[in-house]
Amino acid sequence: MVLNNIHPFGHLFNLKVSRQSNQKLSIMITEDDKEIVYVSDSKTKKIHQIEKGKVSTFLTNIGGVNGLKAIGPDLYILGGQKFMKSDSKGNLTPIITLSCGGDGLEPVGNGDFLITCWSGHIFYVTADGKIETLLDIQEKKVNTADLAYGIVKHILYVPTFWGKKVAAYKLITTK
């Protein structure tokens with residue numbers, strides 16, 4: 001796989017969050033095929049679920065929990081350097097261990113994933129757990145945070161925070 005830099009564009013906006021000192025900041029939200037919503041909270045190391053309006057804790061002690069993506073009945077999780085999958089009962093299956101703390105994840109539509117690390121990395125992870133580094137810009141001190149991926153045109157959008165831009169890349173399959 002190859003990422004082709006299309007064009008960095010846009011500016012990031014600061015979002016001011018008003019919260020009481022005892023509240024925790026949730027990081028990611030995703031919904032599964034049964035309309036169960038999962039919310040990660042990196043401060044408490046928990047993943048909560050909201051089902052039919054009722055909030056409960058789904059998983060605990062997930063260090064560095066950040067990226068979440070529900071696909072069918074499965075929940076894919078980035079917790080620190082660990083990329084794992086949970087079934088609907090909370091049973092965890094490890095997929096890979098990253099060299100850095102994971103931030104964002106998006107499926108590419110064939111069982112594979114794109115994963116970002118805050119440090120400035122973008123990885124391609126195959127369904128069978130092989131990992132390929134697509135981008136490493138950590139020495140430039142331009143972070144790669146969460147991401148969005150358009151499956152139809154194979155465009156990956158990555159906010160760079162310190163770069164104050166959103167970079168766009170086209171994912172090109174190579175053989």
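A residue counts as buried here when its relative accessible area is under 20%. By that cut-off Tyr38, at 3%, is buried, and Phe58 falls on that side of the line too, with a relative accessibility of 14%. The model is a predicted one, and the side-chain contacts picked out below come from it.

On the aromatic side, a search of the whole structure turns up four pairs. A pair of rings is described by how far apart the centres sit and by the angle of the planes. For Tyr38 and Phe58, the centres are 5.1 Å apart and the planes stand at 65 degrees, so this pair goes down as edge-to-face; the cut-off for that label is an angle over 60 degrees. In terms of the chain, the two rings come from distant parts: Tyr38 belongs to strand E3 (residues 37-41) and Phe58 to strand E5 (residues 54-59), with their positions 20 residues apart in the numbering.

Phe83 and Phe113 make another edge-to-face pair, this time with 5.2 Å from centre to centre and 75 degrees between the planes. Here as well the contact ties together distant stretches of chain, since Phe83 lies in strand E8 (residues 82-86) and Phe113 in strand E11 (residues 113-117), 30 residues apart. Both of these phenylalanines are buried. They don't stand alone, either: ring pairs join Tyr76, Phe83 and Phe113 into a cluster.

Turning to charges, side chains of opposite charge can pair when their charged atoms come close. The whole-structure search finds two salt bridges. One of them runs between Lys69 and Glu106, whose closest N and O atoms are 3.4 Å apart. This bridge also spans distant parts of the chain, going from Lys69 in strand E6 (residues 65-71) to Glu106 in strand E10 (residues 102-107), 37 residues apart. The two partners differ in how they meet the surface: Lys69 is partly exposed, at 22% relative accessible area, whereas Glu106 comes in at 15% and is buried. With the buried cut-off at under 20%, the two values land on opposite sides of it.

The other bridge brings together the side chains of Asp128 and Lys130, with an N to O distance of 3.5 Å. Both Asp128 and Lys130 are exposed, which puts each of them over 50% relative accessible area. So the salt bridges cover quite a range of settings, from a buried Glu106 to an exposed Asp128 and Lys130, with the cut-offs of 20% and 50% setting the labels.

Definitions and conventions: Residues are numbered from 1 along each chain as its sequence is written. This is a predicted model: local features need pLDDT of at least 70, side-chain atom pairs count only at pLDDT 80 or more; totals for chains, interfaces and linings use all residues. Side-chain values use heavy atoms; hydrogens and water are left out. Rings of Phe, Tyr and Trp (its six-membered ring) pair if their centres lie within 6.5 Å; planes under 30 degrees apart count as stacked, over 60 as edge-to-face and the rest as tilted. Helices (H or I, at least four residues) and strands (E, at least two) are DSSP runs, numbered from the N terminus. Buried means under 20% relative accessible area, exposed over 50%, partly exposed in between (1.4 Å probe, protein chains only). A salt bridge is a side-chain nitrogen of Lys or Arg within 4 Å of a carboxyl oxygen of Asp or Glu.
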